[in-house]
Amino acid sequence: MSDIKVEGFKASEILAALAEVFDGYSEQEKKSQIKKTNGIFEMRVKNVEGKEAVWTIDLKTTGTVYKGEPKSKPNVIIMMSDETFQQLAEGKLDGQKAFMSGKLKTKGNMMFATKLDGILKAAKTKAKL
């Protein structure tokens, strides 16, 4: 899944690991995760050079992570810095605190965005991100 990685983005390493976790799920685990989440996240991450990269976490149809914009309308678009995403994934920063402090912005279903924390935590325990 190296097509997920983007030079200069720590987030791409984390998302590539998340993709591997999803790939490792049995069909039953994948269906369960899709049923539980039932939505699509569009992640817009800016690195220190100010470049933006986009990834999609599809937990509505395919149970996959891929680089680029979603193939169908996302439930939420989450915009943040590479540093913020890394802190979220490592559990050093809470998603709601990041939102309240302006480090994370959303477009769309803000309540759906809260599900990202659970997905990152579940993947972290499986992959040791």
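Trainee: Why is Gln33 called buried?

Mentor: In this predicted model, Gln33 has a relative accessible area of 8%. Buried means under 20%, so Gln33 counts as buried.

Trainee: Where is Gln33 placed, and which residues does Gln33 touch?

Mentor: Gln33 belongs to helix H2, which covers residues 27-37. Leaving out residues up to four places away in sequence, Gln33 touches Tyr25, Asn38, Leu59 and Ala122. Contact here means heavy atoms within 4.5 Å.

Trainee: What makes Thr37 count as buried?

Mentor: The relative accessibility of Thr37 is 3%. The limit for buried is under 20%, so Thr37 is on the buried side. Thr37 is also placed in helix H2. Its contacts, not counting residues up to four places away in sequence, are Leu59, Phe112, Lys115 and Ile119.

Trainee: Let's turn to Asn38. Why is Asn38 called partly exposed?

Mentor: Asn38 has a relative accessible area of 44%. Partly exposed lies between the buried limit of 20% and the exposed limit of 50%, so this is the word that fits Asn38. You will find Asn38 in the loop between H2 and strand S1 (39-46).

Trainee: What is there to notice about phi of Asn38?

Mentor: Phi of Asn38 is near 50°, which is a positive value in a residue other than glycine. A glycine with a positive phi is here too: Gly91, just after H3, takes about 80°.

Trainee: How do you know that Leu18 is buried?

Mentor: Leu18 has 1% relative accessibility. Set that against the limit of under 20%, and Leu18 is buried. Leu18 lies in helix H1. Leu18 and Lys124 are 106 residues apart in sequence, while their C-alpha atoms are 8.0 Å apart in space.

Trainee: Which residues of H3 are buried?

Mentor: They are Asp82, Thr84, Phe85, Gln86, Leu88 and Ala89.

Trainee: How do the axes of helix H1 and helix H3 cross?

Mentor: The axes of helix H1 (residues 10-24) and helix H3 (residues 82-90) come within 8 Å and cross at roughly 35°. From H1, the contact is made by Lys10, Ala11, Ile14 and Leu15. From H3, the residues are Asp82, Glu83, Phe85, Gln86 and Ala89. By kind, the contact divides into 5 nonpolar, 1 polar and 3 charged residues.

Trainee: Is the crossing of H1 and H3 left-handed or right-handed?

Mentor: The crossing of H1 and H3 is left-handed.

Trainee: Now a strand. What makes Val54 buried?

Mentor: Val54 has a relative accessible area of 14%. Buried means under 20%, so Val54 is called buried. Val54 lies in strand S2, residues 52-59. Apart from its neighbours within four places in sequence, Val54 is in contact with Glu42, Met43, Arg44, Lys67, Gly68 and Glu69. Its C-alpha atom is separated by 6.1 Å from that of Glu69, 15 residues apart along the chain.

Trainee: Why does Thr62 count as partly exposed?

Mentor: Thr62 has 38% relative accessibility. Since partly exposed falls between the limits of 20% and 50%, Thr62 counts as partly exposed. Thr62 is placed in the loop between S2 and strand S3 (64-67). Leaving aside neighbours within four places in sequence, Thr62 is in contact with Lys30 and Ile34.

Trainee: And why is Lys107 called exposed?

Mentor: The relative accessible area of Lys107 is 54%. Exposed means over 50%, so Lys107 is exposed. Lys107 is found in strand S5. Lys107 touches Asn75, Val76, Ile77 and Met79, not counting residues up to four places away in sequence. Between the C-alpha atoms of Lys107 and Asn75 there are 8.7 Å, and the two are 32 residues apart in sequence.

Trainee: How many residues line the largest pocket, and which lie nearest its centre?

Mentor: The largest pocket is lined by 14 residues, with Gly95, Gln96, Phe99, Ala113 and Thr114 nearest its centre. Helix H4 (95-100), strand S5 (104-108), helix H5 (110-113) and helix H6 (115-127) each give two or more residues to this lining. H4 gives the most, with 4 residues. The space in the largest pocket is about 270 Å³.

Trainee: How do the residues of the lining divide into nonpolar, polar and charged?

Mentor: The lining of the largest pocket has 9 nonpolar, 4 polar and 1 charged. Gly counts among the polar residues in this scheme.

Definitions and conventions
Residues are numbered from 1 along each chain as its sequence is written. This is a predicted model: local features need pLDDT of at least 70, side-chain atom pairs count only at pLDDT 80 or more; totals for chains, interfaces and linings use all residues. Side-chain values use heavy atoms; hydrogens and water are left out. On a 1 Å grid over the protein atoms alone, a cavity is a set of points where a 1.4 Å probe fits but cannot get out, and a pocket is an open set with protein on both sides within 12 Å along at least five of seven lines; lining residues have an atom within 4 Å of a point. Grid points are joined across faces, edges and corners, and a volume is the space filled by probe spheres set on the points. Axes are lines fitted to C-alpha atoms, for helices over the stretch in contact, and angles run from 0 to 180 degrees between N-to-C directions. A crossing is left-handed if the near helix is turned anticlockwise from the far one by less than a right angle, and right-handed if clockwise. Buried means under 20% relative accessible area, exposed over 50%, partly exposed in between (1.4 Å probe, protein chains only).
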